[in-house]
Amino acid sequence: GSIQGIVVSSGNVYTAALDSTVLRINKLDSSLSPQAGNDVAGTYGNTVGQRRNIGKDSSGNIYIAGLRTDTHELVVAKYDVNLNLQGSVRRINDKSFYTGVTMATRGDNIYVTAVSSTSTQNLTSIYRFGTNLNDNFLSSTTLIATFSQGQDGCACEERALAIDPTNGDLY
């Protein structure tokens with residue numbers, strides 16, 4: 001499968017990978033030897049907008065986000081350091097999410113985006129989750145888009161999140 005995101009924690013490497021329609025989280029040791037792996041429940045699409053979708057909290061728990069193609073839901077799952085599932089949540093807005101999943105973490109805040117669309121615009125939804133996976137919807141920003149198709153015929157756009165380490169501002 002294709003690697004969607006990587007995070008390093010306590011000498012281990014965790015990857016989010018998409019293998020056909022299976023979203024998988026993997027744990028590798030510092031020599032990159034496989035240690036554990038888990039499939040995230042659901043069916044996922046190989047979309048360009050599903051990148052940088054893995055992160056960790058201050059306790060070393062690992063989080064992965066994806067968009068289910070069967071239900072158009074945003075899914076966020078939490079795993080311990082051995083990849084035992086600790087919980088998951090699903091979110092959907094009034095339009096179906098189709099792309100733009102990305103994640104950024106700072107301390108015990110996990111920020112995730114997902115994008116839905118109308119015929120004339122994209123709507124980027126930003127969520128903030130705590131370590132117990134309770135969420136606090138942050139914002140919905142309408143982005144006017146021309147939907148010009150790229151070389152692969154996709155009219156979708158990637159999203160990125162960044163957190164300023166000095167003050168915690170989200171960009």
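Guide: Two strands pair if DSSP finds at least two bridges between them. Strands themselves are DSSP runs of E, at least two residues long, numbered from the N terminus. This is a predicted model, where local features need pLDDT of at least 70, side-chain atom pairs count only at pLDDT 80 or more, and totals for chains, interfaces and linings use all residues. Residues are numbered from 1 along each chain as its sequence is written, and side-chain values use heavy atoms, without hydrogens and water.

Visitor: Which strands stand at the edges of the sheet with the order 5-6-7-8?
Guide: That sheet is open, has 4 strands and pairs in the antiparallel sense. An edge strand has a single partner, so one side is left without a neighbour in the sheet. The two that fit are strand 5 (54–56) and strand 8 (85–91).

Visitor: What is the average twist from one strand to the next there?
Guide: Axes are lines fitted to C-alpha atoms, and angles run from 0 to 180 degrees between N-to-C directions. On that basis the twist averages 20°.

Visitor: Which residue in strand 7 stands opposite Ala65?
Guide: Strand 6 (residues 62–67) runs antiparallel to strand 7 (residues 74–79). The two are joined by 6 bridges. Opposite Ala65 stands Val76.

Visitor: Which strands are the edges of the sheet with the order 1-2-3-4?
Guide: This sheet is open too, with 4 strands and antiparallel pairing. Each edge strand has a single partner, so one of its sides lacks a neighbour in the sheet. The edges are strand 1 (2–9) and strand 4 (34–40).

Visitor: Which residue of strand 4 is the bridge partner of Arg24?
Guide: Strand 3 (residues 22–28) meets strand 4 over 6 antiparallel bridges. Strand 3 also has 7 bridges to strand 2, where Ala17 stands opposite Arg24. In strand 4, the partner of Arg24 is Asp39.

Visitor: How many residues of strand 3 are buried?
Guide: Buried means under 20% relative accessible area, exposed over 50%, partly exposed in between (1.4 Å probe, protein chains only). Strand 3 is mostly covered. The count is 5 of 7.

Visitor: Is Ser20 buried or exposed?
Guide: Ser20 lies in the loop between strand 2 (12–19) and strand 3. These strands form a hairpin with 2 residues between them, and Ser20 in the turn has a positive phi of about 60°. Its relative accessible area is 57%, so Ser20 is exposed.

Visitor: Which residue has a positive phi in the turn between strand 3 and strand 4?
Guide: These two strands form a hairpin with 5 residues between them. The phi is about 65°, and the residue is Leu32.
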